[in-house]
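Hi everyone, thanks for coming. Please have a look at the sequence and the 3D view before I start.

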Amino acid sequence: MAEPGGQVTRGLLKPAGQRARRVRRYGNDKGWGGQMKEFRLEELEAQRAAHEGAYLQFLRERHMSAGLYALDRGQTDPQKPHKQDEIYFVVSGRGAITVGDETTAIARGSVVYVPAGAPHKFHHIAEDLRVMVVFAPPES
């Protein structure tokens, strides 16, 4: 990303008042065919709420998928173990998670890894919980 007043031209980043330096550019000409995708949390939350579900998958790619999971204060987590590894990133709220026989408190900024097949549940939800979930490979 260029600094304020800087510019990106032909793969060169030129901050204002400085010499250009090479930056790595990605795109179809590099042989992978992907493109950046950008999401806004408030829009994802609105979509999730409109569909009246606890989970909204917002990204699915060949090797991973991502979604927004919501549990309100006092709600019970109905999850069962998944076939994929998972990473949970707590966007907002407070509670606890148990993975196997280990329990930890979670709050905004917490990151929890759950191996494939491990039983896990969110519980003791003290504030509405919003969690970004990444599955690898993609959730089936």
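**A buried serine, and what lies around it**

Let's start with one residue. S110 is buried, with a relative accessible area of 19%. The cut-off for buried is under 20%, so S110 makes it into that class. One caution before I go on: this is a predicted model.

Where does S110 sit? It is in the loop between β7, residues 102–107, and β8. And which residues does S110 touch, not counting those up to four places away in sequence? They are Y88, F89, V90 and A105.

Now step back to the whole chain. There is one helix, and there are nine strands. Along the sequence the order is β-β-β-α-β-β-β-β-β-β. The chain has 140 residues, and 32% of them count as buried. Take the contacts with a separation of 6 or more: 56% of them join residues 24 or more positions apart. The accessible surface is about 9700 Å², and carbon and sulfur atoms hold 52% of that.

Next, the inside. In soluble globular proteins, nonpolar side chains tend to be buried together. Here, the largest nonpolar core has 16 residues. Those with the most contacts inside that core are Y88, I97, I106, V112, F122, L129 and V131. Note Y88 in that list; we met Y88 as a residue that S110 touches.

Which elements give two or more residues to this core? They are β5 (65–71), β6 (85–99), β8 (111–114) and β9 (120–136). The largest share comes from β9, with six residues.

Let's zoom in on F122. Leave aside its neighbours within four places in sequence. F122 is then in contact with Y69, L71, D77, Q79, Y88, A96, I97, I106, L129 and V131. Apart from this core there is another one, of six residues. Among them are L44, L59, A66 and L68.

Now for the charged pairs. How many salt bridges does the structure hold? Six. I'll walk you through some of them.

Start with K37 and E61. Their closest N and O atoms are 2.4 Å apart. K37 is in the loop between β3 (21–22) and α1 (41–50). E61 is in the loop between β4 (55–60) and β5. That puts the two 24 residues apart, so this pair links distant parts of the chain. Both partners are partly exposed: K37 at 44% relative accessibility, E61 at 32%.

Then D72 and R130. Their side chains meet in a salt bridge at 3.1 Å, N to O. D72 lies in the loop between β5 and β6, and R130 lies in strand β9, so the pair ties together parts that are 58 residues apart in sequence. Are these two buried or exposed? D72 is partly exposed, at 34%. R130 is buried, at 13%.

This pair also belongs to a network. Salt bridges link E45, R48, D72 and R130.

Last pair: R94 and E127. The closest N and O atoms are 3.0 Å apart. R94 is in strand β6 and E127 is in strand β9, so parts 33 residues apart in sequence are tied together. R94 is partly exposed, at 40%. E127 is partly exposed too, at 39%.

One strand to take home is β9. It gives six residues to the largest core, and it holds R130 and E127.

Note on methods:
Residues numbered from 1 in each chain as written. Predicted model: local features only at pLDDT ≥ 70, side-chain atom pairs only at ≥ 80, totals over all residues. Heavy atoms only, no water. Core = buried A, V, L, I, M, F, W, Y, C linked by side-chain atoms within 4.5 Å. Buried < 20%, exposed > 50% of the residue type's maximum accessible area, 1.4 Å probe, protein only. Helix = DSSP H or I, 4+ residues; strand = E, 2+ residues; numbered from the N terminus. Contact = heavy atoms within 4.5 Å. Areas by Shrake-Rupley, 256 points an atom, 1.4 Å probe, with all protein chains shown as cover. Salt bridge = Lys/Arg side-chain N within 4 Å of Asp/Glu carboxyl O.
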